[in-house]
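Grab a coffee and open the viewer. Here are some short exercises, each followed by a worked solution.

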Amino acid sequence: MKKLYFLLGILCALCFVACNNVHLMENKVGSVSFTLGDDLAREIRSAASLRSATGGSYTLTASIRGEYSDSQTVAVANGNYSGVTFTFEDVPVGKDIILDLTAKAGSNYIWYGNSGKHTVEQGENLLTIALGRVSGVLMWDNSSVN
């Protein structure tokens with residue numbers, strides 16, 4: 001009888017270890033990072049000057065969308081965007097995401113770009129942003145379009 005309890009104890013311990021390992025494998029995560037380089041910072045400053053949005057308060061917002069979502073906003077002094085870094089921790093591995101970046105001067109959007117689709121891998125995921133400016137939004141009532 002003692003052998004049976006001993007074997008059951010070992011079997012339970014093995015099951016516990018196996019289940020714990022499966023649980024750990026399901027919870028793999030990565031970090032998603034983006035740093036603004038000098039070229040992108042110049043592009044955003046250029047967009048601000050074209051829109052007469054120099055001076056005042058500036059903010060950058062990085063947002064992850066897709067199968068996972070999160071957002072971070074940073075205030076930027078004097079339009080000094082270069083070197084600003086966004087890091088999103090504990091993003092589940094295997095999720096398809098897109099990182100959007102918007103720049104605002106006061107309440108005006110002056111620039112927008114995104115990373116394109118990216119599948120999160122374990123460890124650090126360094127993303128880049130395609131260049132592009134916010135030039136305005138065209139809205140219409142499509143019920144009157146023939």
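**Exercise 1.** Which residues does F86 touch, not counting residues up to four places away in sequence?

*Solution.* Keep in mind that this is a predicted model. Leave out the sequence neighbours up to four places away, and F86 touches V32, S33, F34, L36, L60, A62, Q72, V74 and L101. Next, see where F86 belongs: it is among the residues with the most contacts inside the largest nonpolar core, along with L36, I44, L60, Y81, L101 and W111. That core has 28 residues. As for who supplies them, β1 (29-35), α2, β2, β4 (85-92), β5 and β6 each give at least two.

**Exercise 2.** Work out the order of the strands in the open sheet of 4 strands, and say which ones stand at the edges.

*Solution.* Start with the order: β3-β2-β5-β6, with antiparallel pairing. Now look at the ends. β3 (70-76) and β6 (108-119) each have a single partner strand, so one side of each lacks a neighbour in the sheet. On average, neighbouring strands here are turned by 15° against each other, direction ignored. Zoom in on one pairing: β2 (residues 58-66) and β3 run antiparallel over 7 bridges. As one example to click on, S63 has S71 in β3 as its bridge partner. Finally, add the helix: α2 (residues 38-50) lies across β2, β5 (96-105) and β6, and runs at about 145° to β6.

**Exercise 3.** Find I64 and decide: is I64 buried or exposed?

*Solution.* I64 sits in strand β2. Its relative accessible area is 3%, and the cut-off for buried is under 20%, so I64 is buried. Then check who surrounds it: leaving aside neighbours within four places in sequence, I64 is in contact with V32, S69, D70, F88, I97, I98 and L99. L99 deserves a second look, since it lies 35 residues from I64 along the chain while their C-alpha atoms are separated by 4.6 Å.

**Exercise 4.** Do the same for T102: why does T102 count as buried?

*Solution.* First place T102, which is in strand β5. Its relative accessibility is 18%, which is under 20%, so T102 counts as buried. Its contacts, again skipping residues up to four places away, are T59, L60, T61, Y109, W111 and Y112.

**Exercise 5.** Classify the aromatic pair formed by Y58 and Y81.

*Solution.* You need two values, because a pair of aromatic rings is described by the distance of the centres and the angle of the planes. The count comes to 1 aromatic pair. For Y58 and Y81, the centres are 6.0 Å apart and the planes make an angle of 85°. An angle over 60 degrees counts as edge-to-face, and that is the class of this pair. Where do the partners sit? Y58 is in strand β2 and Y81 in the loop between β3 and β4, 23 residues apart, so the pair links distant parts of the chain. Both partners are buried: Y58 at 6% relative accessibility, and Y81 with a relative accessible area of 0%.

**Exercise 6.** Where in the chain is confidence lowest, and where is it highest?

*Solution.* Begin with the whole chain: its mean pLDDT is 79, and 67% of its residues reach 70 or more. Confidence is lowest in helix α1 (residues 2-26), at a mean of 58, and highest in β4, at 97. One more stretch to flag is residues 133-146, where the pLDDT is below 50. Beyond near neighbours in sequence, that stretch has 13 contacts in the model.

How values were computed:
Residues are numbered from 1 along each chain as its sequence is written. This is a predicted model: local features need pLDDT of at least 70, side-chain atom pairs count only at pLDDT 80 or more; totals for chains, interfaces and linings use all residues. Side-chain values use heavy atoms; hydrogens and water are left out. Two strands pair if DSSP finds at least two bridges between them. Axes are lines fitted to C-alpha atoms, for helices over the stretch in contact, and angles run from 0 to 180 degrees between N-to-C directions. Contact means heavy atoms within 4.5 Å. Buried means under 20% relative accessible area, exposed over 50%, partly exposed in between (1.4 Å probe, protein chains only). A nonpolar core is a set of buried Ala, Val, Leu, Ile, Met, Phe, Trp, Tyr and Cys residues joined through side-chain atoms within 4.5 Å. pLDDT is the predictor's confidence in each residue, from 0 to 100. Rings of Phe, Tyr and Trp (its six-membered ring) pair if their centres lie within 6.5 Å; planes under 30 degrees apart count as stacked, over 60 as edge-to-face and the rest as tilted.
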